[in-house]
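This report goes through the fold, the charged pairs and the enclosed spaces of one protein chain. Please keep the sequence and the model in view while reading.

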Amino acid sequence: MDIEVVSKEIEALEDEMVETLVELIKIPAISPDYGYEGEYDKAQRLLEIIKDWPFDKVEVYNAPDERAKNGVRPSILAYYHGRDEKAPRIWILTHMDVVPPGDLSRWTVTEPFKPIIKDGKVYGRGSEDNGQSLVASLYAVRAMMNLGIRPKRTVILAFVSDEETGSKYGVEWLMKNHPELFRKDDLVLVPDGGNEDGTFIEVAEKSILWFRVRVRGKQVHASMPDKGLNAHRVALDFAYHLDRLLHEKYSARDGLFEPPESTFEPTMVRGPADSPNIAPGEHELVFDCRILPRYNLDDVLGDTEKLAEEVRERYRKEFDGETLPEIEIEVLQRLDAPKPTDPDSEIVRLLREALKKLRGREARVGGIGGGTFAAYFRRLGIPAVVWATLDETAHQPNEYAKIDNMVEDAKVMAALALL
């Protein structure tokens, strides 16, 4: 009965939910890694929104980062206590940070941080990733507060920083500096991935490895290549053979994941040549690797370094006593995949039950290539799932959140606390 009553209250709060989402989208909470100020302003706006809400406790944890506004990357924990002190607590974790807008010319519906409502959707950067779920979690609890209903289990809403660039100043920092916050019997929902009908529950993630390759040769006029060493040529040779090597050697498939194989994608490229008649002396490229848990990341890095040495020897030249090319491999992010969440764990059972009650649908479990907060909890042995109802417009121009998805997901989040 409580689930039905709370669901109706969530529906009544739809306009307020949309208004809150619009307010949050207006604040560009982008990492200092991209040259922005971070999440401070959005955190302050969020605290202002909930200041009169009857949470039992609201805590702010500031990870120091001198690059960010006021030198901190804030995370907010808001507690709403349950009736049963022995019941495992439920965490719902969302992130305040968003990615940069990208090519502004491709934003044809609105500007990234000037949200508009159109055709049942809220458009703007961060609307779906992760504003939709952040607001849904807020109003799942707000509905219970309005009705004077205490859930069965304590709900902890966590609004954290730095998800988009590795969580060094977010969940990872919290776990390292405040381990007392977490319990082995906690249940964790990370609503930061899913599908259009909300029937996919993610219980496993691939390992993540990002690395930058820096190649240094010797810049020279393009008409006299013999007098220098073209870093582009060396880098392209290295990248081609590395791409082929990794795909051939680490080629296993696992049907739990989507896609079922490891992926090795060259992404960012940078070279300083600003004229067509310059053979550049420097070249950088980045690989984003999502690797099945059966493989050891040290082996992947070892193969990468071995190939780098082979390429060095292939192009080896002496210039005034200096041996070139230099090929440097720098790891930008590494997350070794932890043990998956048990598909029969309580959090999976509760989520499946909630989806069956509210939507009449059976959910399936599986794994993904993307990295989320869930991996950090799994590493601690705490069961965590990733689930949401998403049109999957994250990181795209004209990103939007479907209002119906936000409202319906809030109902499911409330049910997890009430069941």
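Does Glu23 count as buried, exposed or partly exposed, and at what relative accessibility? Glu23 counts as partly exposed, because its relative accessibility is 24%, between the 20% and 50% cut-offs. This value, like the others below, comes from a predicted model.

**Overall form**

The protein has 419 residues, and its radius of gyration is 24 Å. A compact globule with that number of residues would have a radius near 22 Å, so the two values agree. Along the principal axes, the C-alpha trace spans about 80 × 40 × 40 Å. The secondary structure consists of 10 helices and 20 strands. Buried residues make up 57% of the 419. Among contacts with a separation of 6 or more, 81% are between residues 24 or more positions apart.

**Salt bridges**

Side chains of opposite charge can pair when their charged atoms come close. A search of the whole structure gives 44 salt bridges, including the three in the table.

| Acidic residue | Basic residue | N to O distance |
|---|---|---|
| Glu23 | Arg45 | 3.6 Å |
| Asp237 | Arg314 | 3.2 Å |
| Glu318 | Arg316 | 3.9 Å |

In the first row, the side chains of Glu23 and Arg45 meet in a salt bridge. Glu23 belongs to helix α2 (residues 14-25) and Arg45 to helix α3 (residues 40-50), so the pair ties together parts that lie 22 residues apart in sequence. Arg45 is partly exposed, its relative accessible area being 24%.

The second row holds the salt bridge between Asp237 and Arg314. This pair links distant parts of the chain, with Asp237 in helix α6 (residues 231-249) and Arg314 in helix α7 (residues 297-315), 77 residues apart. Asp237 is buried, with a relative accessible area of 13%, whereas Arg314 is partly exposed at 46% relative accessibility.

In the third row, Glu318 forms a salt bridge with Arg316. Glu318 is partly exposed, with a relative accessible area of 47%. Arg316 also counts as partly exposed, at 45% relative accessibility.

Salt bridges also link a group of residues into a network: Asp33, Glu39, Asp65, Arg67, Arg73 and Asp162.

**A cavity and a pocket**

How many cavities of 30 Å³ or more are there? The count comes to 1. About 70 Å³ of space lies in the largest cavity. It is lined by 13 residues, and those closest to its centre are Leu24, Lys42, Gly126, Asn130 and Gly131. Helices α2 and α4 (127-147) each supply at least two residues of this lining. By class, the lining of the largest cavity has 6 nonpolar, 4 polar and 3 charged residues.

The second largest pocket has a volume of about 280 Å³. Its lining also comes to 13 residues, with Tyr79, His81, Arg89, Thr154 and Arg183 nearest the centre. For this pocket the lining divides into 3 nonpolar, 3 polar and 7 charged residues.

**Two individual residues**

Where is Glu399 found? Glu399 sits in the loop between β19 (384-386) and β20 (400-402). Glu399 is buried, because its relative accessible area is 1%, under the 20% cut-off. Leaving aside neighbours within four places in sequence, Glu399 is in contact with Trp107, Val122, Tyr123, Gly124, Arg125, Gly126, Ser127, Glu128, Asp129, Thr393 and Ala394. One of these partners, Gly126, is also among the residues closest to the centre of the largest cavity.

Ile117 lies in strand β4 (residues 116-118). Is Ile117 buried or exposed? Ile117 is exposed, because its relative accessible area is 52%, over the 50% cut-off. Not counting residues up to four places away in sequence, Ile117 touches Val18, Val22, Val122 and Ile403. Val122 is thus a contact of Ile117 and also a contact of Glu399. The C-alpha atoms of Ile117 and Asp41 are separated by 23 Å, and the two residues are 76 residues apart along the chain.

Technical notes
Residues numbered from 1 in each chain as written. Heavy atoms only, no water. 1 Å grid on protein atoms, 1.4 Å probe; cavity = no way out; pocket = protein on both sides within 12 Å on 5 of 7 lines; lining within 4 Å. Points joined across faces, edges and corners; volume = space filled by probe spheres on them. Nonpolar A, V, L, I, M, F, W, Y, C, P; charged D, E, K, R; others polar. Salt bridge = Lys/Arg side-chain N within 4 Å of Asp/Glu carboxyl O. Helix = DSSP H or I, 4+ residues; strand = E, 2+ residues; numbered from the N terminus. Buried < 20%, exposed > 50% of the residue type's maximum accessible area, 1.4 Å probe, protein only. Contact = heavy atoms within 4.5 Å. Rg over C-alpha atoms; globule rule 2.2 N^0.38 Å.
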